[in-house]
Amino acid sequence: MPLYQVPILVNGATHSAEQFRAMVQDLARGAEGITAGTDLKVTQLGTPGTSVQVASGSGVVRGKVNAFQGSYAVRNQGAATVPIASTGGSPRSDMLILRVEDPQYEGTLNPEVDDINYFQVISNVSSSATTIPDGRTGIPLARIDIPASTSTITNAMIVDIRKIANPRKESVLRTQSPASQSTAITGTAYSYAYFSTAAGWNLTVPSWASIVRIRVDVAGLRITTGNLYGVVRAMFGTDLSTQPTVIDDNQGAVVRRLPTLAADTLTIPDNYRGTTRLLRAQGAGGPGNAAQIYADASTTFVAQLEFEEGPR
């Protein structure tokens, strides 16, 4: 009958390898790839040579031969060295994959003595390839673009094509309203200043995060004095800033309120992970600006952040 005789796990029952692979597939939500951002990264040798090095790590490989094959949990414990053939008179691109060859579905390997999962080099793939070019069971790790007449592989030739099976994400929502009016932000030279009475938010960066999507909305900025040409951005820590958003308003000296936002997708530096960093809005006047910009008790700042894990 199509239904497995017993579910996992039942005392006294026998469970097939296929049933365990089905469980791995379910737990991975059908996805495949590496487990965490630094897993199975391909780099040059300590002293570049005719091989590359694959870092420790684990992953999930979805079976491609049979619809009910399930998924394999794979692990590399310690660095592995993989030879790369030299090129002749023409450049060549090779793809390094983690291959699973299960004799239940293909090939003649013997699990008692043979490596059922192994690193494999697919030679002469497209110079833009990011996926395995045929139906074999495996996950891609790197494409190596090798110039002509080259035998020494360096990091400059290695293109990272790993994907995380189920990347971690964390969302943050914060709000803030100043208790009093800030110092005026003005000028015409794009000299950024914080809104002095809006302290911003101290936020912890997850240790696994690779990118952060930031959006800071500002409602009810107070504009006075003259025509406004300025910008607003958000600073995260001392090194990351969002793309500036232009505010262009020609209502003259009348006092008015304007909304704006700043947003961007930023790569997180290594030294940010696992630390607390300040997120805070800034403003500046640009060429021709005659206005003054304030935040006050009628202004609201809203910060939305999404941290996401990626290969690194």
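Q: How many salt bridges does the structure hold?
A: This is a predicted model, in which local features need pLDDT of at least 70, side-chain atom pairs count only at pLDDT 80 or more, and totals for chains, interfaces and linings use all residues. Residues are numbered from 1 along each chain as its sequence is written, and side-chain values use heavy atoms, with hydrogens and water left out. A salt bridge is a side-chain nitrogen of Lys or Arg within 4 Å of a carboxyl oxygen of Asp or Glu. The number of salt bridges in the structure is 15.

Q: How far apart are the closest N and O atoms of Arg143 and Asp145?
A: Side chains of opposite charge can pair when their charged atoms come close. Arg143 is buried at 8% relative accessible area, and Asp145 is partly exposed at 24%; buried means under 20%, exposed over 50% and partly exposed in between, with a 1.4 Å probe and protein chains only. The two residues form a salt bridge, and the closest N and O atoms are separated by 2.9 Å.

Q: Arg168 meets which residue in a salt bridge?
A: The N to O distance of this salt bridge, which Arg168 makes with Glu309, is 2.8 Å. The pair links distant parts of the chain, 141 residues apart: Arg168 is in the loop between strand 10 and strand 11 (169-176), and its partner is in the segment after strand 21 (300-308). Helices (H or I, at least four residues) and strands (E, at least two) are DSSP runs, numbered from the N terminus. Arg168 is partly exposed at 38%, whereas a relative accessible area of 5% makes the partner buried, and that partner is Glu309.

Q: How many residues apart in sequence are the parts tied together by Arg213 and Glu308?
A: Arg213 and Glu308 form a salt bridge, with 2.7 Å between the closest N and O atoms. Because Arg213 lies in strand 14 (residues 211-224) and Glu308 in strand 21, their separation in sequence is 95 residues.

Q: Which residues are joined into one network by salt bridges that share partners?
A: Arg213 is partly exposed, at 31% relative accessible area, and Glu308 is buried, at 14%. Through shared salt-bridge partners, the network consists of Lys169, Arg213, Glu306 and Glu308.

Q: Which strands stand at the edges of the open sheet with the order 2-3-6?
A: Three strands with antiparallel pairing make up this sheet; two strands pair if DSSP finds at least two bridges between them. The strands at the edges each have a single partner strand, so one side of each is left without a neighbour in the sheet; they are strand 2 (42-44) and strand 6 (80-83).

Q: What is the bridge partner of Val52 in strand 6?
A: Strand 3 (residues 51-54) pairs with strand 6 in the antiparallel sense over four bridges. Within strand 6, the residue bridged to Val52 is Val82.

Q: What is the average twist from one strand to the next in the sheet with the order 8-7-9-10?
A: This open sheet has four strands and antiparallel pairing. Strand 8 (117-122) and strand 10 are at its edges, each with a single partner strand, so each has one side without a neighbour in the sheet. The twist, with axes fitted as lines to C-alpha atoms (for helices over the stretch in contact) and angles running from 0 to 180 degrees between N-to-C directions, averages 25 degrees.

Q: Which residue in strand 9 stands opposite Leu98?
A: Strand 7 (residues 92-100) and strand 9 run antiparallel and are joined by eight bridges. Opposite Leu98, in strand 9, stands Ile139.

Q: What is the omega of the cis peptide bond that joins Ile8 and Leu9?
A: Leu9 lies in the segment before helix 1 (17-27). It is exposed, with a relative accessible area of 64%. The cis peptide bond between Ile8 and Leu9 has an omega of about -5 degrees.

Q: Is Leu40 buried or exposed?
A: Leu40 is found in the loop between strand 1 (33-34) and strand 2. Its phi is near 55 degrees, a positive value in a residue other than glycine. Because its relative accessibility is 0%, Leu40 counts as buried.

Q: Is Ser149 buried or exposed?
A: Ser149 is in the loop between strand 9 (138-146) and strand 10 (158-160), and its phi, near 55 degrees, is positive in a residue other than glycine. Because its relative accessibility is 60%, Ser149 counts as exposed.
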